[in-house]
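Q: Please take a close look at the salt bridges of this structure. I should like to know which side chains take part and how their surroundings are built.

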Amino acid sequence: MPSLLSENGFIDNSHDAALMKQSSWRQNVAQGHANGIALAFNLKRKPADPGTGTLYKVIAGSFQSRENADERVAYLSSKGIDSFVTTITISGKTWYRVQAGAYASRDNAEDRLDELKRAGITDAFIIAE
């Protein structure tokens with residue numbers, strides 16, 4: 001049977017172990033795996049919504065400090081909410097956004113936004129792409 005083994009670091013290496021604790025690093029590794037599988041099988045990206053193509057991303061905070069963004073991810077994880085850090089440049093400044101979901105349905109994004117608010121996140125918002 002065909003198989004694939006991916007080595008992404010070694011937990012007995014202190015540098016690698018520190019990276020593995022970062023949700024953004026794990027997200028990047030997972031995205032790399034997904035990209036590689038898509039390339040290997042010649043998969044094409046599906047539109048987010050066949051009707052509009054709009055993707056609603058739920059942002060659980062936007063920070064100028066990566067450390068603050070990582071702290072928000074850790075807080076959300078303690079509440080059982082998956083999230084990861086993305087970066088965006090606005091007016092020449094790098095911002096670290098905590099993304100807590102992406103949905104083809106605005107209603108689903110609103111539900112996630114409500115969940116974040118119940119968890120005490122007051123600076124969450126939705127962006128449509």
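A: The following account treats the salt bridges and then the strands and the pocket around them. The model is a predicted one, and a search of the whole structure finds 5 salt bridges.

One of these joins the side chains of Glu129 and Lys57, with an N to O distance of 3.0 Å. Glu129 belongs to the segment after strand 4 (125-128) and Lys57 to strand 1, so this pair ties together parts that are 72 residues apart in sequence. Glu129 is exposed, because its relative accessible area of 51% falls in the class over 50%.

Lys57 also has a place in the pairing of the strands, since it stands opposite Ala102 of strand 3. Strand 1 (residues 56-63) and strand 3 (residues 93-103) run antiparallel and share 5 bridges. Strand 3 is in turn joined to strand 2 (residues 84-90) by 7 bridges, again in the antiparallel sense. Within that pairing, Thr86 has Arg97 as its bridge partner in strand 3. Strands 2 and 3 make a hairpin with 2 residues between them, and Ser91 in the turn has a positive phi of about 50 degrees.

Two further salt bridges lie in helix 4. Arg106 pairs with Glu110, their closest N and O atoms being 3.0 Å apart. These two residues are 4 apart in helix 4 (residues 106-118), and about one helical turn therefore separates them. Both partners are partly exposed: Arg106 has a relative accessible area of 37%, and Glu110 has one of 27%.

The other pair in this helix consists of Glu115 and Arg112, whose side chains meet at 3.0 Å, N to O. Here the residues are 3 apart in helix 4, which again corresponds to about one helical turn. Glu115 is partly exposed at 28% relative accessible area, whereas Arg112 is buried at 15%. The value for Arg112 counts as buried because the cut-off is under 20%.

Charged residues also appear in the second largest pocket, which has a volume of about 230 Å³. Its lining has 4 nonpolar, 4 polar and 4 charged residues. Among the lining residues are Lys21, Arg26, Asp70 and Asp82, together with Phe84 and Ile81. Helix 2 (23-40) and helix 3 (66-78) each supply at least two residues of this lining, and helix 3 provides the largest share, 4 residues.

Definitions and conventions. Residues numbered from 1 in each chain as written. Predicted model: local features only at pLDDT ≥ 70, side-chain atom pairs only at ≥ 80, totals over all residues. Heavy atoms only, no water. Pairing = 2+ DSSP bridges. 1 Å grid on protein atoms, 1.4 Å probe; cavity = no way out; pocket = protein on both sides within 12 Å on 5 of 7 lines; lining within 4 Å. Points joined across faces, edges and corners; volume = space filled by probe spheres on them. Nonpolar A, V, L, I, M, F, W, Y, C, P; charged D, E, K, R; others polar. Salt bridge = Lys/Arg side-chain N within 4 Å of Asp/Glu carboxyl O. Buried < 20%, exposed > 50% of the residue type's maximum accessible area, 1.4 Å probe, protein only.
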